[in-house]
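Notebook open. I want to go through the helix packing, the sheet and the covalent links, and jot down what I find.

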Amino acid sequence: MTARTRLATLAAGCRPRTLRGRLSLVALTTAALVMVVLTVVFNTIVRQHLQQQADDELRTRAAAVAATVDTRHQPVRVLETPDDAVLDTNVWIYAGTRLLEHPASAPAGDALARTAADLAARGDKRCAEVTAGNPIRLCAEPVGDVRPGAGPAAVVVTAMDLAPYRSSADTLLVASLALDATVLACTYVLTRLAVGRALRPVRAMTEQATRWSVVASEQRFGAGDRPVELTRLGASLDELLDRIRAVLRHEQQLTRELSHELRNPLARITAELDWWRARPRSTVETRATHASIADAADSMRTICETVLDDARAGAHTVPGTADVMAVLGRLTVRLGAPGKAAITVTGPDGLVTGVPAALLERIVTPLADNALRHARTRVDIRAWPEPDGIRVAVIDDGPGVPASFTPDLFQPGRRADPADGHGGAGLGLPLARRLARSAGGEVAHEAGHTPGACFVVRLPAG
């Protein structure tokens with residue numbers, strides 16, 4: 001592992017894992033940068049201001065000393081005043097290169113004396129700084145008229161110890177750093193508190209989601225008094241939950257429909273096997289049993305493919321055509337059995353529909369099977385052409401559909417009389433209508449038909 005990789009791993013480990021910690025760190029970093037900039041600017045301005053105050057003080061003292069210098073006569077001389085002792089403190093007076101006065105604490109040849117002489121030689125208002133233990137500031141003040149090529153008649157140089165000013169500046173720097181640390185600490189604490197309070201609704205939503213994942217609930221995130229942003233987030237989550245619930249309902253419906261449609265082929269297979277095992281069978285009978293089982297298995301495969309194709313999101317019916325009478329004939333043979341009502345199929349030969357044969361069979365089978373359950377003596381399946389397609393009617397002579405149940409006839413899982421002794425699950429009619437609509441057709445119930453019930457399938461022509 002390289003050094004860069006180790007540093008990256010260490011940085012990732014030190015990074016806060018919670019949103020609260022990350023926001024607090026961002027706020028702390030931002031505040032630290034701002035405080036550093038402000039502290040640097042503030043202390044720079046303070047130091048410049050203190051130095052300007054020191055320079056003003058030096059020039060004021062130089063002006064007071066210059067008032068005692070007589071430059072009207074030659075040679076230049078210094079007038080005696082009652083406050084000489086005060087004025088002469090840290091003061092050098094030069095007449096050209098001739099030193100008239102100097103402080104007793106700064107003999108000739110001293111660093112301060114050399115700096116004062118250099119300032120006097122320049123002959124203008126200039127300041128310099130000397131570090132001899134404590135920082136010393138020196139400023140020069142020309143006295144008298146400036147003579148061409150000769151400079152001023154005299155120059156007064158004053159000096160001042162900058163230690164008090166620097167001490168004040170250092171004290172302000174320490175105070176500002178202490179203030180920065182206090183502000184940063186308060187910023188971090190207040191940010192964590194504010195972010196924690198702001199994220200409280202998020203924690204509540206998380207707890208709700210945890211509870212809802214354990215117990216089925218129709219509650220929604222959008223309910224409750226929350227900030228606008230969280231309300232919008234809750235609405236988005238509610239839409240996502242609705243889609244998930246719709247997918248789950250669709251999956252459950254698909255499972256029920258498959259089990260409903262596969263029940264008849266499985267019953268045929270079971271019946272054939274029971275009949276074959278009941279007593280020894282001839283070779284011809286065994287082959288007939290095998291053929292019946294194979295036909296039921298093929299029917300199961302067709303059912304699975306048809307229902308699954310229709311269940312795919314956005315799926316469209318595969319183009320194809322089917323001979324209506326041939327499909328209805330095979331369906332009659334498959335559904336007919338001793339003890340059931342008689343099935344008759346009527347319609348013109350050569351009638352072709354624009355849907356595949358497997359889909360036509362899956363649409364009509366639930367209607368015919370439902371009619372056989374309720375018919376007393378017969379079931380009629382009639383097919384005929386119309387200008388906009390074909391029609392297939394499934395009619396029985398049973399008790400018919402109760403008027404009170406007509407609005408719920410095509411609702412999945414609804415039955416008019418669940419205790420009627422039939423094993424239906426209330427899925428055949430909804431499946432038939434859904435398959436017909438996927439092919440551009442429709443399944444409808446004719447409420448005015450008597451006696452019995454009449455269901456009409458409308459499909460496009462081939």
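I began with helix α9 (residues 324-335) and α10, whose axes cross at roughly 45° and come within 10 Å. The pair is therefore oblique. I noted the crossing of α9 past α10 as right-handed. Worth keeping in mind here: this is a predicted model.

Next I listed who touches whom. On the α9 side I have Val324, Val327, Leu328, Arg330, Leu331, Arg334 and Leu335. On the α10 side I have Ala357, Leu360, Glu361, Val364, Thr365, Ala368, Asp369 and Leu372. Sorted by class, this contact of α9 with α10 comes to 10 nonpolar, 1 polar and 4 charged residues.

Staying with α10, I looked at its packing on α11. Helix α10 spans residues 357-374, and its axis is 9 Å from that of α11, at an angle of about 155°. So α10 and α11 are roughly antiparallel; the cut-off for that label is over 145 degrees. The crossing of α10 past α11 is left-handed.

From α10, the contact uses Leu359, Arg362, Ile363, Pro366, Leu367 and Asn370. From α11, it takes Gly428, Leu429, Ala432, Leu435 and Ala436. The class split for α10 with α11 is 8 nonpolar, 2 polar and 1 charged.

Where does helix α11 lie? I found α11 (residues 428-438) across β13 and β14 (454-459), and it runs at about 140° to β13. That took me to the sheet.

The sheet is open, has 5 strands and mixed pairing, and I read its order as β9-β11-β12-β14-β13. Which strands stand at the edges? They are β9 (342-346) and β13 (442-445); each has a single partner strand, so one side of each has no neighbour in the sheet. On average, neighbouring strands here are turned by 15° against each other, direction ignored.

I then zoomed in on the β9 edge. Strand β9 runs parallel to β11 (residues 378-386), and 5 bridges join the two. For Ile343, the bridge partner in β11 is Val379.

At the other edge I checked the loop between β13 and β14, which is where Pro451 sits. The peptide bond joining Thr450 and Pro451 is cis, with omega about -10°.

New entry, disulfides. How many does a search of the whole structure find? I got 1. The partners are Cys127 and Cys139, with sulfur atoms 2.0 Å apart. I read 105° about the S-S bond, which makes the link right-handed. Cys127 is in strand β5 (residues 127-132) and Cys139 is in strand β6 (residues 134-147), so the bond ties together parts 12 residues apart in sequence.

Last item, back to helices. I looked up α2 (residues 19-66) against α5 (residues 163-198): the axes are 9 Å apart and the angle is about 160°. That makes α2 roughly antiparallel to α5. The crossing of α2 past α5 is right-handed. I count the residues of this contact by class as 19 nonpolar, 10 polar and 6 charged.

To keep the handedness straight for later, I wrote the three crossings side by side: α9 past α10 is right-handed, α10 past α11 is left-handed, and α2 past α5 is right-handed.

Technical notes
Residues are numbered from 1 along each chain as its sequence is written. This is a predicted model: local features need pLDDT of at least 70, side-chain atom pairs count only at pLDDT 80 or more; totals for chains, interfaces and linings use all residues. Side-chain values use heavy atoms; hydrogens and water are left out. Axes are lines fitted to C-alpha atoms, for helices over the stretch in contact, and angles run from 0 to 180 degrees between N-to-C directions. Helices (H or I, at least four residues) and strands (E, at least two) are DSSP runs, numbered from the N terminus. Angles under 35 degrees count as roughly parallel, over 145 as roughly antiparallel, 65 to 115 as roughly perpendicular and the rest as oblique. A crossing is left-handed if the near helix is turned anticlockwise from the far one by less than a right angle, and right-handed if clockwise. Ala, Val, Leu, Ile, Met, Phe, Trp, Tyr, Cys and Pro count as nonpolar, Asp, Glu, Lys and Arg as charged, and the others, Gly among them, as polar. Two strands pair if DSSP finds at least two bridges between them. Contact means heavy atoms within 4.5 Å. A disulfide is a pair of cysteine sulfur atoms within 2.5 Å.
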